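Student: I would like a close look at a single part of this model, with the reasoning spelled out. Please take one helix and describe how its residues are placed and what surrounds them.

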Amino acid sequence: MPPGSAATPVDDAALDAASPQPRSSFIVSAVAVAVIGAAVRIGVLRLLSAVNDRELWDQLLAWDAKYYLEIARVGYFVADISADGPVYEKTMAFFPGFPMLLRAVGWTGINLGLAALILNTVLTAVMAAGVMVLARRLGAGRTGQIAAAVVVTSAPMSIVFSMPYTEALFGALVVWGLVALDQRAWWWAGAAGFALSLTRLTALDFLAVFGLWVLLYGRREWQAWLSFGVAALPLPGYLLWAQRYLADVGGYFGIQTKHWNSTFDGGAATLTFVWDTLTKNNDVGYLLTVVVILGAVVLLVASWGKANPVAWWFSAALTANVLLSDGILHSRPRLLLPAALLFVPWVIRAVKELPARVAWSGIAVWVLWSAWFSAYMIVVFEWAI
């Protein structure tokens, strides 16, 4: 186990015996967390939309949603997207995993926007179930598991779990991939990593932890090495495929820089953004973004040795990846959503040590505040999320 990580693998059978939870009850809890959370967030979004004379459905299909919907509808090359050059210079910035899944659901004849809402609600339930397993492996009983799932799936900008975005798919795959690594279930981790590599470039952060875990716990097992190799295959495969069409603009990373100014800069842009926001800017949206950026760093440090080790190292890799890169800085709350796993040990402690009314009141405030945060950044804040 990496130095400084105090948590140790927990015997599942012992935990089940101490805190039995039938599988049906477990599934119902995860679904309830996802559905109720989505209802609260959409309800607050509807309220802010009405106050600002906006259509709710338009807000749910805002910003990058149009790219995913168009790729799912017609593919990368004829998408109805405004672009200065070939349309694929923008569409190829988006990995194919989620559009492929959305297209498969769309074959039923359902509207793609509605399909995305249904699909991502299901994926949020899957994510919630994985969070409950990670919480259980830290010693949480049923109440602590549910509370942890509520807090993680209701983090600021979690409205994207109800939009045609990749966050719900990415979160579900990451959480269960981390569960698999925590249990040394190499083939399941490889399957999760393979799907992640088709979903987002930040699959690199999961792959980095996967490689670390193989070195620490599976270096003598050929299954561990093979599953790691399988998990990594789609990512370079997609980048090489995109390179065929994007060579003139510098490949995949070239279009990221050209259209989104996204490039690794060692954190210079993030530091400048935080400084300017705290000293010069009067825009609430920028301030909220800075709160999340600083909060992620504080939470990462505070959770050292308390969170599931595999979740901590993944969150550290993700946070470093996000904060040490330039790009659209106000998208950071969305990109940092998976790092909400670091809340799990604190939620478990709160549920154990505080009166139930106090703990759950705090969680309710968190859910409502995060829902307002999401709605404000979608409806009121004028820039992309």
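Tutor: In this predicted model, the part to examine is helix α13, whose buried residues are Pro-234, Leu-235, Tyr-238, Leu-239, Ala-242 and Leu-246. Seen down the axis of α13, these buried residues fall within an arc of 130°, and they therefore line one face of the helix. On the face turned away from that buried side, α13 carries the exposed residues Leu-240 and Arg-244.

The length of the helix can be checked as well: α13 comprises the 13 residues 234–246, and because each residue is taken to contribute 1.5 Å, with the expected span counted over one less than the number of residues, the helix should span 18 Å, which agrees with the 18 Å between its end C-alpha atoms.

As for the surroundings, the buried residues of α13 pack against α5 (88–91), α10 (186–197), α11 (203–217), α12 (222–232) and α14 (251–260). Aromatic side chains add a further layer to this picture, since one aromatic cluster is formed by Tyr-76, Phe-77, Tyr-88, Phe-95, Tyr-238, Trp-241, Tyr-245, Tyr-252 and Phe-253; Tyr-238, one of its members, is also among the buried residues of α13.

Beyond this cluster, the structure holds 32 aromatic pairs, one of which joins Tyr-68 and Phe-94 edge-to-face, at 5.1 Å centre to centre and with 75° between the planes. That pair links distant parts of the chain, Tyr-68 lying in helix α4 (residues 65–74) and Phe-94 in the loop between α5 and α6 (97–106), 26 residues apart, and both Tyr-68 and Phe-94 are buried.

Methods: Residues are numbered from 1 along each chain as its sequence is written. This is a predicted model: local features need pLDDT of at least 70, side-chain atom pairs count only at pLDDT 80 or more; totals for chains, interfaces and linings use all residues. Side-chain values use heavy atoms; hydrogens and water are left out. Helices (H or I, at least four residues) and strands (E, at least two) are DSSP runs, numbered from the N terminus. Buried means under 20% relative accessible area, exposed over 50%, partly exposed in between (1.4 Å probe, protein chains only). The arc is that of the directions from the helix axis to the C-beta atoms. Contact means heavy atoms within 4.5 Å. Rings of Phe, Tyr and Trp (its six-membered ring) pair if their centres lie within 6.5 Å; planes under 30 degrees apart count as stacked, over 60 as edge-to-face and the rest as tilted.
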